[in-house]
Amino acid sequence: MARNIRLNNAGNLKAPDEATGRRYWGKYGFTGLDEDGFAMFDTAAGGRAALEQQIRIDQGRDQTQEEFINKYVGAAADPQGTANAQINIPQLTGAPSDTTLAEIDKDVLFNAIVQNEGGKDSVEYFAKSMPNFTALDRGVGAQDTTREPG
């Protein structure tokens, strides 16, 4: 089973520590970090909402798809994963690497990230989660959307 399905973390989002994870994703059902620093969510809908939030934040920045992939995957931390994503995500979005992220449909980008992270089974798994998930504040932390995780 793909990590993103196992952790209910559509985009394999990471945080440097649990306090940061709670601050960013507490209202989406963040339950902690696995041994590799990947966020865990209590539902697929929560993990989907967390990735959708990250996409909204990143689409508001002035960056190309290539710059986004280098940051998102982590070119220094995972050179092979970044190289794969530089091929896969533009193919899946149908947009050249130098396209600004804001020009790419958010749902297309979401599905490209999910498929890159966990394959077609992951896309199907997260498609079944509530589409327009409304986050509930579960009392585990305020949402901070002014900074990006990691």
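The following paragraphs go through the predicted model from its overall make-up to the packing of its helices.

The protein chain contains seven helices and two strands. Read from the N terminus, the order of these elements is α-α-β-β-α-α-α-α-α. The chain has 150 residues, and 49% of them count as buried. Its accessible surface is about 7,500 Å², and carbon and sulfur atoms account for 49% of that area. Contacts across the sequence can be described by their separation: of those between residues at least 6 apart, 67% join residues at least 24 apart.

One pair of residues illustrates such a separation. A45 and S129 are 84 residues apart in sequence, yet their C-alpha atoms are 4.8 Å apart in space. A45 is part of helix α3. The relative accessible area of A45 is 9%, under the 20% cut-off, so A45 counts as buried.

Helix α4, residues 65-74, is a useful place to look at burial. Its buried residues are Q65, F68, I69, Y72, V73 and G74. The cover over these residues includes α3 (44-59), α5 (79-93) and α6. Helix α6 itself spans residues 106-118, and the rest of this account follows its packing against α3, α5 and α7.

Two packed helices are described by the angle between their axes and the distance between the axes. For α3 and α6, the angle is about 120° and the axes are 10 Å apart. Angles of 65 to 115 degrees count as roughly perpendicular and those over 145 as roughly antiparallel, so α3 and α6 are classed as oblique to each other. Their crossing is right-handed. On the α3 side the contact is made by R48, L51, E52, I55 and Q59, and on the α6 side by K106, L109, F110, I113 and V114. Sorted by class, this contact of α3 with α6 has six nonpolar residues, one polar residue and three charged residues.

Next comes α5 against α6. The axes of these two helices come within 9 Å and cross at roughly 140°, and the pair is therefore oblique. In this crossing, α5 passes α6 in a right-handed sense. From α5, the residues N84, A85, N88, I89, L92 and T93 meet V108, L109, A112, I113, Q115 and N116 of α6. The contact of α5 with α6 divides into seven nonpolar and five polar residues, with no charged residues.

The last pair is α6 and α7, the latter covering residues 120-127. These helices pack at an angle of about 130°, with a distance of 7 Å between their axes. The two are therefore oblique to each other as well. α6 passes α7 in a right-handed crossing. Here α6 contributes F110, N111, V114, Q115 and G118, while α7 contributes K120, S122, V123 and F126. By class, the contact of α6 with α7 has four nonpolar, four polar and one charged residues.

Some residues of α6 recur in these lists. F110 and V114 take part in the contact with α3 and also in the contact with α7. L109 and I113 belong to the contact with α3 and to the contact with α5. Q115 meets α5 and is also part of the contact with α7.

Definitions and conventions: Residues numbered from 1 in each chain as written. Predicted model: local features only at pLDDT ≥ 70, side-chain atom pairs only at ≥ 80, totals over all residues. Heavy atoms only, no water. Axes fitted to C-alpha atoms, helices over the stretch in contact; angles between N-to-C directions. Helix = DSSP H or I, 4+ residues; strand = E, 2+ residues; numbered from the N terminus. Parallel < 35°, antiparallel > 145°, perpendicular 65-115°, else oblique. Left-handed = near helix turned anticlockwise from the far one by under 90°. Contact = heavy atoms within 4.5 Å. Nonpolar A, V, L, I, M, F, W, Y, C, P; charged D, E, K, R; others polar. Buried < 20%, exposed > 50% of the residue type's maximum accessible area, 1.4 Å probe, protein only. Areas by Shrake-Rupley, 256 points an atom, 1.4 Å probe, with all protein chains shown as cover.
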